[in-house]
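The following exercises concern the fold and packing of a single protein chain. Each task is followed by a solution that proceeds step by step.

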Amino acid sequence: LIYLPLFHAFGLWEGPFMSMLTGARVVLTTLFDPSDTLDLIEKEQATRLYGFDTHWRELATRQESENRDLSSLRAGILASGMASSEAVARRAQKLISPTITVWGMTECGIPLHSFLDSSEDERCAGSGYPLPGYEFKIIDPETGEILPQLTTGELCVRGYGVMQGYYRKPEETAQS
């Protein structure tokens, strides 16, 4: 079940593109309404659900009061891993379905994932693990030096899904 906009990488890649690759049926909605979403999960027997912490927060609140049968859900993908989303992720485990966390951006795809067999802490408080074909490092943006773990800095991502430049904009690409 996808209510995410298809012009956004998360909605497009995890929705219709993943469906085409796996042969799954996709139920698309034109907008997000938590009550309608819960109705559709129950009616269509949806097995996967995707969203950000704001979606999951609203779904959990509605599920507490409306109590739908969500037993068909096998997993949800929750773009999480930040301190502000941890409480929502933990609540979603109890009220909606197990979730995995992902991290990504349009410029590099979704290179970090947790897994259903990851611990609840990893699935709620972390952003996941690098997928095959991706490398990460944290650097000091002033010096370019690699920083030790748990140090704030600039995240650098290398991999097959990282954009090579801005479309038909060589000057902007060179500047970045």
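The protein contains six helices and seven strands; the model is a predicted one. Along the sequence, the elements follow the pattern α-α-β-α-β-α-β-β-α-β-β-β-α. The C-alpha atoms fill a box of roughly 55 × 35 × 25 Å along the principal axes. Of the 176 residues, 35% are buried. Among contacts with a separation of 6 or more, 56% are between residues 24 or more positions apart.

**Exercise 1. The sheet**

Determine the order of the strands in the open sheet and the sense in which they pair.

Solution.

Step 1. The open sheet consists of five strands in the order β1-β2-β3-β4-β5, and its pairing is mixed. The edge positions belong to β1 (48–52) and β5 (129–130); each has a single partner strand, so one side of each lacks a neighbour in the sheet.

Step 2. The parallel sense is found between β2 (residues 75–79) and β3 (residues 99–105), which pair over four bridges. Within this pair, Ile77 has Ile100 of β3 as its bridge partner.

Step 3. The antiparallel sense is found between β3 and β4, joined by three bridges. Here Val102 stands opposite His113 in β4. These two strands form a hairpin, with three residues between them.

Step 4. Strands β4 and β5 also run antiparallel and are joined by two bridges. In this pair Leu112 is opposite Pro130 of β5.

Step 5. The burial of β4 completes the description: five of its five residues are buried, so this strand is largely enclosed by the rest of the structure.

**Exercise 2. Helices α2 and α3**

Describe how α3 is placed on the sheet and how α2 packs against α3.

Solution.

Step 1. Helix α3 (residues 53–66) packs on the sheet and touches β1, β2 and β3. The direction of α3 makes about 115° with that of β1.

Step 2. Helix α2 (residues 34–44) packs against α3 at an angle of about 70°, and the two axes are 9 Å apart. Angles from 65 to 115 degrees count as roughly perpendicular, so α2 is roughly perpendicular to α3. The crossing is right-handed.

Step 3. On the α2 side, the contact is made by Pro34, Ser35, Thr37 and Leu38. On the α3 side, Glu58, Leu59, Arg62, Gln63 and Glu66 take part.

**Exercise 3. The two sides of helix α4**

Identify the buried residues of α4, the exposed residues on the face turned away from them, and the elements that provide cover.

Solution.

Step 1. In α4 (residues 86–95), the buried residues are Val88, Ala89, Ala92 and Gln93. Their arc around the axis is only 145°, which puts them on the same side of α4.

Step 2. The face turned away from this buried side carries the exposed residues Ala87 and Lys94.

Step 3. The elements covering the buried residues of α4 include α3, β2, β3 and α5 (120–125).

**Exercise 4. Helix α1 and its end**

Which residues of α1 are buried, and what covers them?

Solution.

Step 1. In α1 (residues 9–22), Ala9, Phe10, Gly11, Glu14, Gly15, Pro16 and Ser19 are buried.

Step 2. Their cover includes β1, β2, β3 and β4 (109–113).

Step 3. Ser19 of α1 has a relative accessible area of 11%. Leaving aside neighbours within four places in sequence, Ser19 is in contact with Ala24, Arg25 and Val26.

Step 4. Just after α1, Gly23 takes a positive phi of about 80°.

**Exercise 5. Two residue environments**

Classify Phe52 and Ser72 as buried, partly exposed or exposed, and list their contacts beyond four places in sequence.

Solution.

Step 1. Phe52 belongs to strand β1. Its relative accessibility is 28%, and Phe52 therefore counts as partly exposed.

Step 2. Beyond four places in sequence, Phe52 touches Leu4, His8, Phe10, Leu78 and Ala79. The C-alpha atoms of Phe52 and Ser85 are separated by 8.8 Å, with these positions 33 residues apart along the chain counted as their separation.

Step 3. Ser72 lies in the loop between α3 and β2. With a relative accessible area of 13%, Ser72 is buried, the cut-off being under 20%.

Step 4. Again leaving aside neighbours within four places in sequence, Ser72 is in contact with Ile41, Gln45, Ala46 and Thr47.

Note on methods: Residues are numbered from 1 along each chain as its sequence is written. This is a predicted model: local features need pLDDT of at least 70, side-chain atom pairs count only at pLDDT 80 or more; totals for chains, interfaces and linings use all residues. Side-chain values use heavy atoms; hydrogens and water are left out. Two strands pair if DSSP finds at least two bridges between them. Contact means heavy atoms within 4.5 Å. Axes are lines fitted to C-alpha atoms, for helices over the stretch in contact, and angles run from 0 to 180 degrees between N-to-C directions. Buried means under 20% relative accessible area, exposed over 50%, partly exposed in between (1.4 Å probe, protein chains only). The arc is that of the directions from the helix axis to the C-beta atoms. Angles under 35 degrees count as roughly parallel, over 145 as roughly antiparallel, 65 to 115 as roughly perpendicular and the rest as oblique. A crossing is left-handed if the near helix is turned anticlockwise from the far one by less than a right angle, and right-handed if clockwise.
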